[in-house]
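This report looks at how parts of one chain are arranged in a predicted model. The structure is shown first, and the description follows.

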Amino acid sequence: MNATTSTSQQTPVSLLGLGAMGTALARTWLTAGHPLTVWNRTPARAEALAPEGAEVADSAAEAVAASTLVLLCLLDDASVEATLDGVDLTGKDLVNLTTTTPAEARARAAWAEERGARYLDGGIMAVPPMVGVPEAGGYVFYSGSRELFELHRETLAVPVGTTYVGEDPGFAALHDVALLSAMYGMFAGATHAFALIRRENIDPVAFAPLLGDWIKAMVDPSVGQTASQLVSGDLTSDVVSNLAMQVAGTKTLLATAEEQGVSAELIRPQFALMSRLLDRSTGLEDLTGTVDLLVRDR
């Protein structure tokens with residue numbers, strides 16, 4: 001699709017929330033020829049899109065009334081509550097791209113249904129520069145009504161790819177947070193690695209590809225094996241580096257951090273978890289058992 005596509009052929013969209021992400025999303029729908037109504041708490045951000053073809057609503061209620069398909073890209077769940085307070089949602093297809101917890105998404109789905117709307121929750125796995133750039137690999141997790149997702153799939157796929165993860169409205173948020181949590185764990189390891197070389201005559205730029213390649217080489221097979229072991233329950237087959245050996249090796253890693261004058265606060269919790277697992281196992285398995293050590297009764 002391109003800017004010359006007839007707007008009469010495209011699904012009208014209302015978008016509430018025009019931070020960096022919301023603005024990037026808005027511009028892709030405008031470029032693709034979708035009639036777009038926008039609203040933002042700070043009007044100037046909405047008005048900036050008017051020269052590009054957006055209709056600027058004076059209120060959230062006016063924006064919601066303009067289209068059947070209504071997307072939210074706000075700060076948090078409390079912002080959704082405040083923005084839509086008193087707004088008539090009857091007959092609307094509400095797609096919430098606001099970052100929330102799974103429990104908040106489930107509650108918001110029930111809230112929307114009580115107000116006569118259909119609901120999809122979304123978790124955006126992209127940063128604004130990735131929006132509208134298919135080769136960048138960004139996408140959005142969606143969960144909730146499968147029928148509703150299929151109805152609007154083409155429109156939702158205009159800014160970035162779409163990945164449907166289930167009827168449970170909380171699953172998009174859960175997938176989003178799970179992946180982001182893994183990302184920050186990876187960042188923690190990379191931060192520790194850079195700290196170890198920080199005071200040495202080692203060029204961080206030259207070190208970076210070594211670090212990146214190593215992380216990729218370790219992560220790609222590891223996550224697949226962990227998933228398979230969680231399903232099968234067999235934690236000892238095809239183990240390359242067993243738990244006992246890995247726990248023994250942590251002493252050298254901690255000693256090196258001490259020598260380099262680097263805090264071990266980012267890696268010590270993982271090592272403590274590994275030691276706990278070793279205390280209650282044979283040591284012949286790998287690290288998959290630490291998953292269940294983290295899961296608490298609810």
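In this predicted model, D77, V80, E81 and L84 of helix α4 are in contact with E104, R108 and W111 of helix α5. By residue class, this contact comprises three nonpolar and four charged residues, with no polar ones. Two packed helices are described by the angle between their axes and the distance between the axes. For α4, which covers residues 77–84, and α5, which covers residues 102–114, the angle is about 15 degrees and the axes lie 11 Å apart. Because angles under 35 degrees count as roughly parallel, α4 is roughly parallel to α5, and the crossing of the two helices is left-handed.

Helix α8 invites a check of its length, set out in the table.

| Property of α8 | Value |
|---|---|
| Residue range | residues 204–232 |
| Number of residues | 29 residues |
| Expected span at 1.5 Å a residue | 42 Å |
| Distance between end C-alpha atoms | 41 Å |

The expected span and the distance between the end C-alpha atoms of α8 agree. The buried residues of this helix, α8, are F207, L211 and Q229, and what covers them includes α7, residues 171–197.

A last site is E62, which is found in helix α3, residues 60–66. With a relative accessible area of 38%, E62 is partly exposed, and, leaving aside its neighbours within four places in sequence, E62 is in contact with V56 and A57. Where does E62 stand in relation to T163 in sequence and in space? E62 and T163 are 101 residues apart in sequence, and their C-alpha atoms are 30 Å apart in space.

Note on methods: Residues are numbered from 1 along each chain as its sequence is written. This is a predicted model: local features need pLDDT of at least 70, side-chain atom pairs count only at pLDDT 80 or more; totals for chains, interfaces and linings use all residues. Side-chain values use heavy atoms; hydrogens and water are left out. Axes are lines fitted to C-alpha atoms, for helices over the stretch in contact, and angles run from 0 to 180 degrees between N-to-C directions. Helices (H or I, at least four residues) and strands (E, at least two) are DSSP runs, numbered from the N terminus. Angles under 35 degrees count as roughly parallel, over 145 as roughly antiparallel, 65 to 115 as roughly perpendicular and the rest as oblique. A crossing is left-handed if the near helix is turned anticlockwise from the far one by less than a right angle, and right-handed if clockwise. Contact means heavy atoms within 4.5 Å. Ala, Val, Leu, Ile, Met, Phe, Trp, Tyr, Cys and Pro count as nonpolar, Asp, Glu, Lys and Arg as charged, and the others, Gly among them, as polar. The expected span of a helix is 1.5 Å times one less than its number of residues. Buried means under 20% relative accessible area, exposed over 50%, partly exposed in between (1.4 Å probe, protein chains only).
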